[in-house]
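Colleague: Hi! Could you walk me through this one while I have it open?
Modeller: Happy to, let's put it on screen.

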Amino acid sequence: MAISVFDLFSIGIGPSSSHTVGPMRAARMFVGRLKKDGLLAQTASVRAELFGSLGATGHGHGTPKAVLLGLEGHSPRTVDVEVADDEVERIRQTGKLRLMGAEIGDAHVIDFDEPNQLILHRRRALPYHANGMTLAAYDAAGAPLLEKTYYSVGGGFVVDEDAVGEDRIKLDDTVLKYPFRSGDEMLRLARETGLSISSLMLENEKAWRTEEEIREGLLEIWRVMQACVSRGMSREGILPGGLRVKRRAAAQARQLRAEGDPMLHRGEWTTIYAMAVNEENAAGGRVVTAPTNGAAGVLPAVLHHYMNFVPGADEDGVVRFLLAAGAIGMLFKENASISGAEVGCQGEVGSACSMAAGALAEVLGGTPEQVENAAEIGMEHNLGLTCDPVGGLVQIPCIERNGMAAVKAVTAAKMAMRGDGSHKVSLDKVIKTMKETGADMKVKYKETARGGLAVNVIEC
């Protein structure tokens, strides 16, 4: 199986890669299948059912909104975040869905009664994965035309029931120049070829794109990250969802600017960069899934830290940073999980912290062994991290947690750079431990909003 860095870093909208981006993609895939099979014109009604974590925390994560937009043909990458809420309100006010309306001028319009046709099952789950959803289409007589089950397996990745029993990732049999599926294999290839981690990943990426296309694609991801940080540091007010969480990044950035030399406050700036992203994510803004939306602030924050506080930082370093981060993220995706609903927040913020730590070590001039060591440190000290969003919203503790993980990633990279790369616990061992810890973790601590802070804060 082959995973591209562009699979791990995709441009989408908040607040959740698994609960917003994935369901929107799944709904869009479903209506695309109706169109491909010539069934769109016969469709008189559709029904969507959300199970497991999607049903338990879907309202707080914007899942119904995502499904409606997906059924109308919108893509997470291109949907206009400024008018998305208006589009959903139109559907709810008129009771009409424009199937594939975002793609074709003569959209097929059907009646849609959301309370009865978009069902969130809070206590029911499908057997394959905690994020399951079933979509069905019927003709005017009520006869079924098509029914499909999809699973949003983290990071915006979606598989349908045909993939069950094969793998949690849609298989890609592209032949890579330097394939690796473990940290040990990655280090062995680096030793044999003399290449850095980012260079190994670059050679593999050439199986899909030219070097120029890879560079431009990664710099486009960086530009979206920059825009997200900029927006987050300029917007104030209350985040949507009912918790009345106040945006803090803009006010804190103003305070730091007034205090003078940013080099004296590098850690605080790194924290603010991350919080700015996750406040934008919570508001449904445009973010880069890195590797998930709930952890979307960590990589941009550490990359901003590199560009703003490391002498000699440049766009070549940005490209190398994202390639190295992608190499590490691929190991988590293949050998464990990046889904909070499957392994808790250790799979989201923990993986992002590991990726950022390794990537920073890479651009600081670290050896492959130091990069692997930094990634291991970043994950080791996030083991056991639960996913317990208050109110089912990606706000508390998620926003602050990204800020903390960004600083932790910088510290991990610096610790690794002070050593020679040798260490007792390998990245492979810590990934295996994270997966086993997630399997042992009670379901209530895995993005169900039924344990931890999600219940104790409400009780207080």
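Modeller: Before the cavities, a definition: on a 1 Å grid over the protein atoms alone, a cavity is a set of points where a 1.4 Å probe fits but cannot get out. Please keep in mind that this is a predicted model.

Colleague: Thanks! How many cavities of 30 Å³ or more are there by this rule?
Modeller: The count comes to 2. The largest cavity holds about 140 Å³ of space.

Colleague: Which residues are the closest to the centre of the largest cavity?
Modeller: Gly-294, Glu-348, Cys-387, Val-394 and Cys-398, out of 17 that line the cavity. Helix 2 (17–36) and helix 17 each give two or more residues to that lining.

Colleague: And how does the lining of the largest cavity divide into nonpolar, polar and charged?
Modeller: There are 8 nonpolar, 5 polar and 4 charged residues.

Colleague: New topic: which peptide bonds are cis?
Modeller: One of them runs from Gly-14 to Pro-15, with omega near 10 degrees. Pro-15 sits in the loop between strand 1 (10–13) and helix 2. The bond from Ile-396 to Pro-397 is also cis, with omega near 5 degrees.

Colleague: Where is Ile-396, then?
Modeller: Ile-396 is in the loop between helix 16 (368–380) and helix 17 (398–417). Together with Leu-453 and Val-457, Ile-396 makes a nonpolar surface patch of about 200 Å².

Colleague: Last one: is Glu-447 buried or exposed?
Modeller: Glu-447 is buried, because its relative accessible area is 3%, under the 20% cut-off. Glu-447 also has a positive phi of about 55 degrees, although it is not a glycine.

Technical notes: Residues are numbered from 1 along each chain as its sequence is written. This is a predicted model: local features need pLDDT of at least 70, side-chain atom pairs count only at pLDDT 80 or more; totals for chains, interfaces and linings use all residues. Side-chain values use heavy atoms; hydrogens and water are left out. Patches are made of residues with over 30% relative accessible area and no salt bridge: like charges are joined within 9 Å, nonpolar side chains (Val, Leu, Ile, Met, Phe, Trp, Tyr) within 5 Å. Accessible areas come from the Shrake-Rupley method with a 1.4 Å probe; for residues, only the protein chains shown count as cover. A salt bridge is a side-chain nitrogen of Lys or Arg within 4 Å of a carboxyl oxygen of Asp or Glu. Helices (H or I, at least four residues) and strands (E, at least two) are DSSP runs, numbered from the N terminus. On a 1 Å grid over the protein atoms alone, a cavity is a set of points where a 1.4 Å probe fits but cannot get out, and a pocket is an open set with protein on both sides within 12 Å along at least five of seven lines; lining residues have an atom within 4 Å of a point. Grid points are joined across faces, edges and corners, and a volume is the space filled by probe spheres set on the points. Ala, Val, Leu, Ile, Met, Phe, Trp, Tyr, Cys and Pro count as nonpolar, Asp, Glu, Lys and Arg as charged, and the others, Gly among them, as polar. Buried means under 20% relative accessible area, exposed over 50%, partly exposed in between (1.4 Å probe, protein chains only).
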